[in-house]
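Visitor: I have a two-chain model open and I'd like to talk it through with someone. Could you walk me around?

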Amino acid sequence: MAALKPSRRIHDLFTVNPHATLQLGLWVALSIAMMTVDHRYHALDGARDVLATAIYPVHYLARLPSDLQNWLSENLAGRAALLQENTRLREKQVFLNVQLQKLTTLEAENRRLRSLLESAVNTPERVLIAELLTVDFDPYRHHILLNRGRQHGVYVGQPALDQQGVIGQIIRADPFTATAILITDPNHALPIQINRTGARTLALGTGHFQELELPHIPNNEDVKVGDVLVTSGMGGRFPRGYPVGTVTKVEFDPGSPFAHIVAKPVAQLDRIREVLLLENVPDAPAPDAPALPGGVAAPKRP
Amino acid sequence: MNTVRPTGGWVIAASFLLAFVAASIPLPGELDRFRPDWVAMVLIYWCMVLPYRIGIGTSWLVGLVVDVGRGALLGQHALAFAALAYLTVQTHRRIRVFSPWRQTFSVLVFLLIKQFLVFWISGVIGYPPRDGWYLAPAVGGMIAWPLLFVILRDVRRHFQVT
């Protein structure tokens, strides 16, 4: 800070900044120029990287209170509570193991059938676990900030899941953090398939955590409340077959060619803590793959 | 020549750091919609009491850091904060001597303008606000202002920030 002369202080009392309006104009012009460059050409990603790395400690500081609370509740939990939790987890593990056995046989069978069909074999996916740093301040934009970045192998377009299902994809990877867009963001469209019938469509974000919209499904299509939606693998971003949501509302409007269908995401998007990032080349279906029965023309990701 | 040196720059920096941290801590349940923009409020305070130190340029930089921290467009908060600082600096002589009620009301107006600017830019890039809730943080800020003002005033006096 520049040192002030005593006379200047008295002067300041009356005219702090005679050029304030001009200054504001210049800063506003600079902001607009920067926003235009950032939005249209993404030319400022380098500067953003540097700044993002510089303020990374602040994010950690911000997490400190909740981390401390978790740590305390974990460390001060009573012996009885821990034993109880242990038993519960053990039971769950046995249960999951049984399911896993079934899955292994199914996977083997699936691979054999696929090789018979001479289609691409599913590569096993590697998973990176990231924790949530902050949720976007903007209530109309469903973006989340994660604590893993390019240094950990995160890349733009990487699919993100939680234990229940698909939550979104990475839209920006900084050196130590990454931003993911959720499937409920109004600007997100996810290529999906209705599991029961195989009908393909998109799941559009609505800006509500509990709602996805399914456009382009004709009125005569077979869709019921409770139908499970899975990723279709179209567009090449998401691997096929991950759960997305369940249909909650089907309205046939005789006046319009398409039905109004609303689904609820299976992932609890408003209470995410940990995110699984899939690391693999997604197995987009080959162009000549046999069409599933009842499939509508699948639009590509916009 | 230099008889009066500005002191306590670190106090100002620390207050902003704490505001950044506080701004990213969610409030419980529905209250979170009213989570005040602490950084903007700390900014208003310093622009009001030390307008010759914290002005439009500093505020713009603070806004830029907020943009990076929140993953917003680079320049979005910078613009809004520069405008906020302009309003505060231009009116600081009056606001400082206002009664607490009038001062709080002025802060509400400033924060509403700031929210409007930020979300106006969001609207331009394709995220228009769907309802009026985006103005709620300004109301939360108004409620929190008297407390923040007293705390920052005591801190400023204690560390003799000039």
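Guide: Happy to; let's begin with confidence in chain B. This is a predicted model, and in chain B 97% of the residues reach a pLDDT of 70 or more. The mean pLDDT of chain B is 88.

Visitor: Which element of chain B has the highest mean pLDDT?
Guide: At the low end sits helix H1 (residues 9–23) of chain B, with a mean of 89. The highest mean, 94, belongs to helix H2 (residues 38–49) of chain B.

Visitor: What ipTM does the predictor give the complex?
Guide: There are two scores for the complex, and the pTM is 0.72. The ipTM is 0.85.

Visitor: Which element gives the most to the side of chain A that touches chain B?
Guide: The contact involves 41 residues of chain A and 44 residues of chain B. Elements giving two or more residues to the chain A side include helix H1 (6–14), helix H3 (45–54) and strand S2 (143–146) of chain A. By class, that side has 24 nonpolar, nine polar and eight charged residues. With ten residues, the element that gives the most is H2(A).

Visitor: How many residues of H4(A) are buried, and does that leave the helix largely in the open or not?
Guide: Take its length before its surroundings: at 1.5 Å a residue, its 20 residues should span 28 Å, and the end C-alpha atoms of H4(A) are 27 Å apart, which agrees. H4(A) also has a kink of about 45° at A:Leu64, shortly before the proline A:Pro65. Of the 20 residues of H4(A), the number buried is one, so the helix lies largely in the open.

Visitor: Where is the kink in H4(B) centred?
Guide: End to end, H4(B) agrees with expectation: its 22 residues (76–97) should span 32 Å at 1.5 Å a residue, and its end C-alpha atoms are 31 Å apart. There is still a kink of about 70° in H4(B). The residue at its centre is B:Thr91.

Visitor: Which element of chain A gives two or more residues to the largest nonpolar core?
Guide: That core has 56 residues, and among those touching the most other members are B:Ile44, B:Phe81 and B:Leu84. Leaving aside neighbours within four places in sequence, B:Ile44 is in contact with B:Leu84, B:Thr88, B:Val107 and B:Phe110. Chain B gives two or more residues from each of H1, H2, H3, H4, H5 and H6, and the contributor from chain A is H2.

Visitor: How many residues are in the second, separate core?
Guide: Its members include A:Ala130, A:Leu146, A:Ala160 and A:Leu204. Buried residues make up 27% of the 302 residues in chain A. The size of that second core is 42 residues.

Conventions
Residues are numbered from 1 along each chain as its sequence is written. Chains are lettered from A and ligands numbered from 1 in the order in which they are written. This is a predicted model: local features need pLDDT of at least 70, side-chain atom pairs count only at pLDDT 80 or more; totals for chains, interfaces and linings use all residues. Two residues are in contact if their C-beta atoms, placed from the backbone, lie within 7 Å. Helices (H or I, at least four residues) and strands (E, at least two) are DSSP runs, numbered from the N terminus. Ala, Val, Leu, Ile, Met, Phe, Trp, Tyr, Cys and Pro count as nonpolar, Asp, Glu, Lys and Arg as charged, and the others, Gly among them, as polar. The expected span of a helix is 1.5 Å times one less than its number of residues. The bend at a residue is the angle between axes fitted to the seven residues ending there and the seven starting there. pLDDT is the predictor's confidence in each residue, from 0 to 100. A residue is buried if 20 or more other C-beta atoms lie within 10 Å of its own, exposed if 12 or fewer, and partly exposed in between; C-beta atoms are placed from the backbone. A nonpolar core is a set of buried Ala, Val, Leu, Ile, Met, Phe, Trp, Tyr and Cys residues joined through C-beta atoms within 7 Å.
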